[in-house]
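Student: Here is a model that I would like to go through with you, one question at a time. Please give the cut-offs as we meet them.

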Amino acid sequence: MDEGLLTIGVFAARSRLSAKALRLYDRLGLLSPAYVDEASGYRYYRADQVERARLVAMLRQLDMPLARVAEVVEADGAEAADRLAAYWADVESRLAGQRTLAEYLRGRLSGRSSEMYRTFEVGTVEVPEQVVLTETRHTLADELPAWIGASLGRLEAAARECGGVVGPPFVVYHAEVSTESDGPAESCVPVADEAAAREWAARRGRSWETRVRVEPAARLAFTRITKAQVAHPQILAAFEAVEEWLTARRLEPAGPCREVYFADWDAAGPGDAVCDVAFPVR
């Protein structure tokens, strides 16, 4: 054995990791010792492993999952920095959503729902009749974001073969979507060429429950929300605010509620407006 190797106790002190953590990281292949004594099972490390160990320790202080820690420490400098930046962007997005949820729950628990709803500005807009290419699915709330992104991506790609997209995509909720109720929900993309859209749906749309329909002209009562506010269940506050606005004005919904996505989702930050929560009204 190389006399320059460090015992696990010395290495733990230098790397600011516990011996228990080092044994775990060894099992995961994240930070393996340079030498393991076959007779005693003692682990020994090289001094030049300290930098990697400290990097692991600091990444874990960011609550980074071990799988993502491994991705960062195995990457080269620029790529490692990019992976860290991507992880932290996810963290900030999640925190923004949790902050919004906490504000929503505080309002509910303190009985300040009406005051909370007044933070949403509600208005109306006239929407013309539209031909839409749609995809429908029964989905629970935790599956919904991934399905919305994937389905709208498929429909927008199809729309480009059918004269192009001629309006903001939207999602219609034909029944409640929650952790216990699975809708269904319907993704919709307005298209320019109805005949081409119907031909596309007949030829390629069966596997995704894709069809073409005419969305009638409507007056929508809506409120505009940020990317952070789109997350479930905090988005419910926006729906409830519009419903309260309708009740106060003795208006009735004329169809199912919807989310209209008018901005580039991927390019938007947590505080950027991306979506209108809306109800058709009589």
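Student: Which accessibility class does glutamate 194 fall into?
Tutor: The model is predicted: local features need pLDDT of at least 70 and side-chain atom pairs count only at pLDDT 80 or more, whereas totals for chains, interfaces and linings use all residues. Residues are numbered from 1 along each chain as its sequence is written, and side-chain values use heavy atoms, with hydrogens and water left out. The classes follow relative accessible area, with buried under 20%, exposed over 50% and partly exposed in between (1.4 Å probe, protein chains only). With 30% relative accessibility, glutamate 194 is therefore partly exposed.

Student: Which residue forms a salt bridge with glutamate 194?
Tutor: A salt bridge needs a side-chain nitrogen of Lys or Arg within 4 Å of a carboxyl oxygen of Asp or Glu. For glutamate 194 the closest N and O atoms are 2.9 Å apart. The partner is partly exposed at 37%. That partner is arginine 198.

Student: Why are glutamate 194 and arginine 198 separated by about one helical turn?
Tutor: Both belong to helix α8, residues 194-204. Helices here are DSSP runs (H or I, at least four residues) and strands are E runs of at least two, numbered from the N terminus. The separation is about one helical turn because, within α8, the two residues are apart by four residues.

Student: What is the N to O distance in the salt bridge of glutamate 199 and arginine 203?
Tutor: These two are also in helix α8, four residues apart and so separated by about one helical turn. Glutamate 199 is partly exposed at 41%, and arginine 203 is partly exposed at 48%. Their side chains meet with an N to O distance of 2.9 Å.

Student: How many salt bridges does a search of the whole structure find?
Tutor: The pairs in α8 are among them, including glutamate 199 with arginine 203. The search of the whole structure gives a total of 15.

Student: Which residue meets glutamate 186 in a salt bridge?
Tutor: The contact of glutamate 186 with its partner, arginine 211, is 3.6 Å from N to O. Glutamate 186 lies in strand β7 and the partner in strand β8 (residues 210-215), so parts 25 residues apart in sequence are tied together. Glutamate 186 is buried at 1%, whereas the partner is partly exposed at 42%. The partner is arginine 211.

Student: Which residues of β7 point the other way from Ala185, Ser187 and Val189?
Tutor: In a regular strand, side chains alternate between the two faces of the sheet. Strand β7 (residues 185-190) is mostly covered, with six of its six residues buried. Opposite to Ala185, Ser187 and Val189 point Glu186, Cys188 and Pro190.

Student: How many bridges join strand β5 to β7?
Tutor: Two strands pair if DSSP finds at least two bridges between them. Strand β6 (residues 170-173) pairs with β7 in the antiparallel sense over four bridges, and valine 171 stands opposite serine 187 there. Strand β5 (residues 130-137) also runs antiparallel to β7, with valine 132 partnered by proline 190. The number of bridges between β5 and β7 is six.

Student: What is the angle between the planes of phenylalanine 239 and phenylalanine 279?
Tutor: Rings of Phe, Tyr and Trp (its six-membered ring) pair if their centres lie within 6.5 Å; planes under 30 degrees apart are stacked, over 60 edge-to-face and the rest tilted. The structure holds four such aromatic pairs. In this one the centres are 6.0 Å apart and the arrangement is edge-to-face. The angle between the planes is 90°.

Student: Which ring does the charged end of arginine 224 sit over?
Tutor: The criterion is NZ of Lys or CZ of Arg within 6 Å of the ring centre and within 35 degrees of the ring normal. The charged end of arginine 224 is 4.1 Å from the centre of the ring in question. The ring belongs to phenylalanine 262.
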